[in-house]
Amino acid sequence: MMDYSVSDGVCVLRLSSPPVNAITFSLLEELRSAIRRANSDEQVTGVVITGGERHFSAGADVGIFKEIAGPEDAVRTSRLFQEALGEVEDAAKPVAAAVAGKLTGGALELAMACHFRVCDEAARFSMPEVTLGINPGAGGTQRLCRLVGPAEALRMLLTGEAIDARRALELGLVDEVCPGRDLVERAKAVLQSARGPRRTSQRTEKIRNAEANEAAFAEAEKLLGKVRPEIIAPRKIVEAVRTGLAESFAAGLRAEQQAFAECMETLATRNRIYLFFATRGMGKAADIGDARPARTAGAAVVGMGSMGTGIAHALIIAGVPVVVHDRDASAVEGGLTRIRRSLEKRVRQGKLSAGRAEGMLGLITTTTQWRDLANADIVIEAVYEDAAVKRSVFAAVEDVCREAAVIATNTSTISLDVLAEGMRRPERLVGMHFFNPAHRMPLVEVIRAEATSKRTIATTLELAKAIRKTPVLVRNREGFLVNRIFVPYLKEAFWLLEDGADAAAIDGAMVEFGFPMGPLALIDMAGLDILADVDEVMSRAFPAHGRLSEIAVRLVELGHVGQKAGAGVYRYAQGDYAPRRNEAAEGIIAEARARRGRSAGKLGPDEITRRLVLRMVNEAFYVVEEAIAQRASDVDAAMVLGTGFPDFRGGVLKYARDLGLRSVLAQLDELAGQLGPRFGACPLLREGESVRLRLRKEVQ
Ligand code: 3H9
């Protein structure tokens, strides 16, 4: 786990705990004894702590947090980390960290406990604990502000955002930046010129200015104002920093321990830790272990609408050369222009260098000819959502592509078995369903049909990861995983309108539940016409879901399809996406209510939330029952990443588990009695104990 060697009078401690050098209790123990050994070794004049040339460590092993039994155990965990890092800082001989890659959380805390830091040019530093719902528990809240000052420290601690090597040097977080291969040598040189240890806990130059400190806290308060009450870590972080500055470094460490224990006690934190592992599990397939993925050296995208453009954009960001095809030359040009504008914007914002943007654009080849797709390793189809149109694309692609090429479809709802009809080699057809905007959204559903080969699946999963997406592997059935659950939710929002709930009250209830936006504002953004098209496929496959509300149907007929038309459920002013009252829509809603004898304002926020959320919960159980998802936890992680379901609630099924499955079943039975078969409980829920056991195993 930790190699100890001595050369030129310097002890080199190398973390070697693949794959990511996650820090466990035993690694901490080894670190402590190695430091003691170096302290007492007369040949040793200094210590270098390092990892690989390209990677140092991913911080604390998050698995540890799952095992924490209660507050005392949490305090003990934090204390053990702090004591081990304290021993590094207290070493009698100077210690330098020689670090590379993405230093997250405990990895950065370890580096900060060293007396000097040298990093490689590509290194990135972050404290992502806050995204897990915890505070840094290994001294990070204390040492970071002593190294970079409270303003920058609080920004990093509260946002979890990374800074690069150049910025780290500017801020004084590192002492030197060099190529990865020189790390250890440069660290040795730094030690040679050092006049003994330089202990971070004793440094005060960045925290002396009381006025600047207060300004930093005032800035932090603004960020805290936006945090939901369920998530306590941000406030705890600020309190720990304040204690450390107002009292002492040691008091700050104690505040960290206490804060860590309090965070670990909250359901929101446990849910986020559960999702950390759920997310990492969902691209893994038990039955394709022996299939070797083919390397994707070049891809092609067919159809330059908004999805195709976004997919091509995602590919070039990750450095994959792509041929973009559309029958219509102006569509190809339009797509290319949209990508160029988006990259130029990032250059203007300073988020991308002009050279890199040019390099990315250089990876795109445009064409209107099928033959130009001949060399692609994977062709991703993103044409109009119509089975016949898609099948004609596959026929053309099969004519020109190599035997080994994978053919992926970005269909959001249509069964792959329907699309594969007429293909010569259906084993190479796979679904690759991106979410809009494809270059931003992290989730990709990888859909396996009956005929899809293991190699095709392995290659597609590999490509998804290579373009920095999180894939979830799902079985083929209309709507797959996310739309299967989310479309009924969107439809329910329109039913609620019919039943008398106000649009703003429906959206407000879901924002209060934790979604970034409500269902009606969201569908205005995505397009009501899209919902109507998707529903055609879905309601044929699932008649119990019921028809689309006549409100949505009428709005589409009148061209009120959402933001792109200036009006949907809400109205929008030119260039401004703030929702305003749409009187035409209100007229349609009033008529629909009158026809059904409903009056406005009868439904309160609890009833709105109950109907919307239980509609998702019930469908999620069907997704598990039909083995659309490989495991229940996949459903949770996919809904969080694909729809913005609040992560602090752990996902749809975790939420149901926390509500209690008996209560979920009773509520569904009641709603089915009132509102019909769409709330008819999934048979799995009636299985009681066996489902509870399964969820206890998979959703925890
Ligand atoms: C912390 O440090 C708290 C402290 O304050 C102390 C408090 C007391 N733990 O992502 P990859 C697994 S909180 C456990 O594919 P990459 C990952 O699941 C911690 N496992 O590699 C995967 O497993 P599998 C703060 C971890 O090169 C495998 O390693 N740190 C951890 O693309 C490979 O991972 C974080 O939140 C971990 N910490 O990216 C860091 N990290 O092979 C989270 C990874 O079974 N991690 N694994 O699928 C990352 O951001 C990325 O993994 C990293 C490497 C950028 C480091």
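Start by selecting Pro-437, which sits in the loop between β15 (429–434) and β16 (443–448). Keep in mind as you go that this is a predicted model. Now add Asn-436 and look at the bond joining Asn-436 to Pro-437: the peptide is cis, with omega about -5°. That's worth a pause, since most peptide bonds are trans.

Next stop, another proline. Select Pro-18 and Pro-19 together; the peptide bond from Pro-18 to Pro-19 is cis too, with omega near 5°. Where does Pro-19 lie? Zoom out a little and you'll find Pro-19 in the loop between β2 (10–15) and α1 (25–40).

From the peptide bonds, let's move on to backbone phi. Most residues other than glycine have a negative phi, so the next two picks are there for their backbone.

Slide back along the chain to Asp-8, in the loop between β1 (2–7) and β2. Asp-8 is not a glycine, yet its phi is positive, at about 50°. Is this residue buried or exposed? Turn on the surface: Asp-8 has 62% relative accessibility, and because the cut-off for exposed is over 50%, Asp-8 counts as exposed.

Last pick: Phe-480. Look for it in the loop between β17 (470–475) and α20 (482–498). Here again is a residue that is not a glycine with a positive phi, about 50°. Leave the surface on for this one: Phe-480 has a relative accessible area of 0%, and since buried means under 20%, Phe-480 is buried.

To finish, put Asp-8 and Phe-480 up together: Asp-8 is exposed, whereas Phe-480 is buried.

Key. Residues are numbered from 1 along each chain as its sequence is written. This is a predicted model: local features need pLDDT of at least 70, side-chain atom pairs count only at pLDDT 80 or more; totals for chains, interfaces and linings use all residues. Side-chain values use heavy atoms; hydrogens and water are left out. Helices (H or I, at least four residues) and strands (E, at least two) are DSSP runs, numbered from the N terminus. Buried means under 20% relative accessible area, exposed over 50%, partly exposed in between (1.4 Å probe, protein chains only).
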